[in-house]
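Please open the model in your viewer and keep a selection box at hand, since the tour below moves from one selection to the next.

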Amino acid sequence: MGNYSLNQKIIFFLLAILLIFEPIVAFSPEDEKSVSSLRGINRFLAEKSSRAAMTCNIYPRVCRVKNSPGPDCCKKKCVNSLTDKFNCGKCGNKCKYSEICCRGKCVNPMFDKKNCGGCSNKCKKGSKCVYGMCSYA
């Protein structure tokens, strides 16, 4: 603040403080009612969009577009019921904690001979699936 006098520095300091505290002082409890009301400035924020949301329960084709999570609609969300752990085979069919969804069925990849360690990983004839590996030990 180079060549300014002490009085000019004090005035500058007071103006800076005033600018910082002005929004706090200007807001009174009486203004709170108008803020929560749907009238005035905040009405714009409270309004819902006039465009309809593109949910699959209204527009089922949304799930069939490229890069969609899946072709099936469950609870307004696109899912693949052949692989989705929370909608395995049908909407709302949840697999247990240790299971995964393979081709619409809940399987335990740690011990399932047809899905050992992952979906469609078959163990050879005569070998067992143990801890997700064929012929372990």
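A pocket is here an open set of grid points with protein on both sides within 12 Å along at least five of seven lines, and a residue counts as lining it when one of its atoms is within 4 Å of a point. The model you are looking at is predicted.

Before selecting anything, colour the chain by secondary structure, which brings up three helices and six strands, arranged from the N terminus on in the order α-α-α-β-β-β-β-β-β. If you then colour by accessibility, buried residues account for 18% of the 137 residues in the protein.

**Stop one: the surface of the N-terminal helix**

Select L6, I10, F13, L14, I17 and I20, and show their side chains: together these residues form a nonpolar patch on the surface, with an accessible area of about 600 Å². To place one member of the group, centre on I10, which sits in helix α1, spanning residues 6-26. Is I10 buried, partly exposed or exposed? Its relative accessibility is 41%, and I10 therefore counts as partly exposed, given that the partly exposed class lies between the limits of under 20% for buried and over 50% for exposed.

**Stop two: a loop residue with positive phi**

Move next to N67, in the loop that runs between α3 (43-46) and β1 (72-74). Its phi is near 70°, which is a positive value in a residue other than glycine. N67 counts as exposed because its relative accessibility is 74%.

**Stop three: the loop between β2 and β3**

Select K90, which you will find in the loop between β2 (77-79) and β3 (100-102), and which counts as exposed because its relative accessibility is 56%. Adding C73 to the selection and drawing the C-alpha to C-alpha distance gives 9.8 Å, for two residues that are 17 residues apart along the chain.

**Stop four: the largest pocket**

Which residues line the largest pocket? Select C102, R103, K105, V107, D112, K114, N115, S120 and K122, and you have its lining, around a space of about 200 Å³. Sorted by class, this lining holds two nonpolar, two polar and five charged residues.

Two of these lining residues deserve a selection of their own. R103 is found in the loop between β3 and β4, and R103 is exposed because its relative accessible area is 67%. From R103, draw a line to C119, which lies 16 residues away along the chain, and the C-alpha separation reads 8.0 Å.

S120 belongs to the loop between β4 (105-107) and β5 (129-130). Although S120 is not a glycine, its phi is positive, at about 60°. With a relative accessible area of 41%, S120 is therefore partly exposed.

**Last stop: after the final strand**

Finish at S135, in the segment after β6 (133-134), where the relative accessible area is 48% and S135 is therefore partly exposed. How far apart in space are S135 and C123? Select both, and the C-alpha to C-alpha distance is 7.9 Å, with their positions 12 residues apart in sequence.

Methods: Residues are numbered from 1 along each chain as its sequence is written. This is a predicted model: local features need pLDDT of at least 70, side-chain atom pairs count only at pLDDT 80 or more; totals for chains, interfaces and linings use all residues. Side-chain values use heavy atoms; hydrogens and water are left out. Patches are made of residues with over 30% relative accessible area and no salt bridge: like charges are joined within 9 Å, nonpolar side chains (Val, Leu, Ile, Met, Phe, Trp, Tyr) within 5 Å. Accessible areas come from the Shrake-Rupley method with a 1.4 Å probe; for residues, only the protein chains shown count as cover. A salt bridge is a side-chain nitrogen of Lys or Arg within 4 Å of a carboxyl oxygen of Asp or Glu. Helices (H or I, at least four residues) and strands (E, at least two) are DSSP runs, numbered from the N terminus. Buried means under 20% relative accessible area, exposed over 50%, partly exposed in between (1.4 Å probe, protein chains only). On a 1 Å grid over the protein atoms alone, a cavity is a set of points where a 1.4 Å probe fits but cannot get out, and a pocket is an open set with protein on both sides within 12 Å along at least five of seven lines; lining residues have an atom within 4 Å of a point. Grid points are joined across faces, edges and corners, and a volume is the space filled by probe spheres set on the points. Ala, Val, Leu, Ile, Met, Phe, Trp, Tyr, Cys and Pro count as nonpolar, Asp, Glu, Lys and Arg as charged, and the others, Gly among them, as polar.
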